[in-house]
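The following exercises are to be worked with the sequence and the coordinates side by side. Each task is followed by a solution in steps.

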Amino acid sequence: MLPFFTDPYPNELLYSAISRYHFYNGNVSFVDTLEELFGSRTVVPIIEFGSHLSNFVQNLGSGYSVEKILSKNTIYPFFAPFITKAKQRKVSEDVENDARGLRGRLGTLPTKIDSKKEIFFCKECVSEDIARYGEPYIHREHHLPAIYYCPHHEQRLIKYPVDYKNHSRYGYIRLDKRVLDTLKFQDTVDEIKEHREVEIKLSQMAFKLLNTSIQNISFEVTFNKYRALLRENNWIMKNSAVKQAELLKAFNAKFPKGFLERFNSHLRGMGTNNWLQSTVTNYKRQGIHPFRHLLLLYFFNQDIDSFLKVKEDEGPFGKGPWPCLNIAASHYKELVIPKVSITKREKTDVIIGKFKCCCGFEYTRTGPEKAESEKLIRSRITAYGDVWEAKFNELVNLNMRPEDIALALGISESTVRNKLSVNNKSPERTEAYRAKLSEWLDKNPTGSRKQFQTEFKKLFTYLYKNDTDWLDRNLPSKRDDLSRNIEERLAQYRTQILKEIESRPTITRTDLWKQFHRACKWLHENDLEWFETNMPSPVQNNKNVPAVDWEARDEEYYNRIQQIYPKLLKLEKPVRITKKLFSKHLEIEALSNNRHTAKLPKTTALLSEITESVQDFRIRRCCLIIDKMLEKNGIVYFEKVREVCAIESKNFKKIRYYLEEYISKK
């Protein structure tokens, strides 16, 4: 065990403490210091982290541990919240040994974000350290990648002058007061005011991160917090997918011009190499640099304290288990349902959660869930189960009134009456219902099971439950319905085609496809032999017909769009500029579809430039109102702008930044 060691100062890098130890110990050679501390003469110093820490801790005694050094005297806490638990364990193993796989695990290798290879310091911190401790030291907050401002004094960091060409790779650099006294502190970097404000904010967030407990946070937790922030800010759709295009556009707009490019973090479009998309959609993705995570937190208007308090996203129905809402069960409202089956309605994208209990009771609820109390709400009961049915029969046998049964079982009175009606079996009722079905079949000889079920729901339910065999013998089965439907459709579609060919002998196959598309498609797929035999022969293309001059047409469309575009912008009631709008006003069908975009390059490029998304249109409408307000009163009331433009608060929140930027330019 070493007789003494220079204990690190607050937020001092282990590298700096070792450099001071070498100086005070009086060793001439650095390899002698390495031998004393690590038991090896070939340990290569790593400024931000360290290696062979297990040997180092063993030589220093019980006052030190690998975990304590990592959290207090390296920049590891800057990375820890953004790597998985498995990688955190690997990092600890890396620094205990030779740290070979360290940078790959931390996500710094795949990016072009600057990593600091020199020593940096803040002149104000140096003065304070000398006054307090009698000497300067190297702060870990000054050696975070892509952070170039001191979080305490908001001053730009300065490189310590060292001739690295003549410096030993096994050596440690110490901040020397005599060298610092001779320096002339003059910042030669041209600062951009808007960039400086963002950089200082990021440096302060990074410093806060360094001094945050990393025991219970990993990227699994961080990712779920991101999802919660996305949901809170309406960046997640009802089907839980992220609104990628809108998110990317808003993210780029959040930062000053040129800022993201300076740090190699600009986003040009959605794709596999888009780091923002990977960060918010796939927590297993490798190599997201922590600086980019800071950018994302800045975008969400979060600092480290507020972010740590964000409740993790638990999906559209919260975290399970969920309660059984079978009022007849002994475990009513107890959390006994372990999982939820989630689907969505195709047309509306509404999320449906289906909850099934072991007692047979099933219910659904629409999402997403907005409060914990909503767990006790159901939309529909899809199955009652044996326990519920037994309780229902018990209450019926007690001769309780339907309204009392409904109240006791938490269902509607009409549901009770329907179930009583179905359960009230008698020979007279069965005969009456049989007669009713026979009468219906006489009037509808080709009627299907589905038709009868739709017209006489209660009657069908009674017979299905109490007289199944007779019902199946007399009413066509579902399979019969399907077979009958195919035969009827075959005859119907054949008749349509033959009748049209008879009335118009010169009609072409193409015209028939256009006029009877559904019939032609179905016959082509299910009755191909008849289709080819009876359809008109395909007309061969006439190669002598001159081709369309797409170049001239492109020029024509381009000029016509340029002429009408200013007029559309000046309409008294603003309309959204879309391809369909130009197609309507110019009566050019080709503008409203994408079939000819490759043949109309000039027109396509112009349309891409001037057409508006829904958000672009909202911004333009708001800007028109803002212009009127500034002209009239010289002041803008955002709430009034929102009301006049009839924009929901959640959507107005997305565009407010653009409007503030517009006003500042005005």
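**Exercise 1. The nonpolar cores**

Setting aside residues up to four places away in sequence, Phe56 touches Phe5, Leu14, Ile18, Leu37, Phe38 and Ile69. The model is a predicted one.

Task: Determine which residues have the most contacts inside the largest nonpolar core, and which helix supplies the largest share of this core.

Solution.
- Step 1. The largest nonpolar core has 109 residues, and Phe56, Leu202 and Phe251 have the most contacts inside it.
- Step 2. Helix H14 (residues 290-299) gives this core its largest share, seven residues.
- Step 3. A second core, separate from the largest, has 20 residues, including Phe317, Trp322, Leu325 and Ala406.
- Step 4. As a general background, nonpolar side chains in soluble globular proteins tend to be buried together.

**Exercise 2. The setting of Thr33**

Task: State whether Thr33 is buried or exposed, and list its contacts beyond its neighbours within four places in sequence.

Solution.
- Step 1. Thr33 lies in helix H2 (residues 30-38).
- Step 2. Its relative accessibility is 1%; because buried means under 20%, Thr33 counts as buried.
- Step 3. With neighbours within four places in sequence left aside, the contacts of Thr33 are Ile18, Tyr21, His22 and Asn27.

**Exercise 3. The two sides of helix H29**

Task: Identify the buried residues of helix H29 (residues 601-610), and describe how H27 packs with H29.

Solution.
- Step 1. The buried residues of H29 are Thr603, Leu606, Leu607 and Ile610.
- Step 2. Viewed down the axis of H29, these buried residues fall within an arc of 100°, and therefore they line one face of the helix.
- Step 3. An α-helix has 3.6 residues a turn, so residues three or four places apart point the same way.
- Step 4. The exposed residues Ser608 and Glu609 are carried on the face of H29 turned away from its buried side.
- Step 5. The packing partners of the buried residues of H29 are helix H27 (550-569) and helix H28 (579-586).
- Step 6. The axes of H27 and H29 are 7 Å apart, and the two helices pack at an angle of about 25°. This angle makes H27 roughly parallel to H29.
- Step 7. On the H27 side, Asp554, Glu555, Tyr557, Tyr558, Ile561, Gln562 and Tyr565 meet Pro601, Lys602, Thr603, Leu606, Leu607 and Ile610 of H29.

**Exercise 4. Helix H31 and the residue after it**

Task: Find which residues of helix H31 (residues 638-645) are buried, and which helices they pack against.

Solution.
- Step 1. Phe638, Val641, Arg642 and Cys645 are the buried residues of H31.
- Step 2. Down the axis of H31, these buried residues fall within an arc of 100°, so they line one face of the helix.
- Step 3. They pack against helix H30 (614-632) and helix H32 (649-665).
- Step 4. Ala646, just after H31, takes a positive phi of about 55°.

**Exercise 5. Positive phi elsewhere**

Task: Locate Asn11 and Glu154, and classify the accessibility of Asn11 and of Glu154.

Solution.
- Step 1. Most residues other than glycine have a negative phi.
- Step 2. Asn11, not a glycine, has a positive phi of about 60°. Asn11 is in the segment before helix H1 (14-25), and is buried with a relative accessible area of 15%.
- Step 3. Glu154 has a positive phi near 55°. Glu154 is in the loop between H7 and strand S2 (158-159), and is partly exposed at a relative accessible area of 34%.

Key:
Residues numbered from 1 in each chain as written. Predicted model: local features only at pLDDT ≥ 70, side-chain atom pairs only at ≥ 80, totals over all residues. Heavy atoms only, no water. Helix = DSSP H or I, 4+ residues; strand = E, 2+ residues; numbered from the N terminus. Buried < 20%, exposed > 50% of the residue type's maximum accessible area, 1.4 Å probe, protein only. Contact = heavy atoms within 4.5 Å. Core = buried A, V, L, I, M, F, W, Y, C linked by side-chain atoms within 4.5 Å. Arc of directions from axis to C-beta. Axes fitted to C-alpha atoms, helices over the stretch in contact; angles between N-to-C directions. Parallel < 35°, antiparallel > 145°, perpendicular 65-115°, else oblique.
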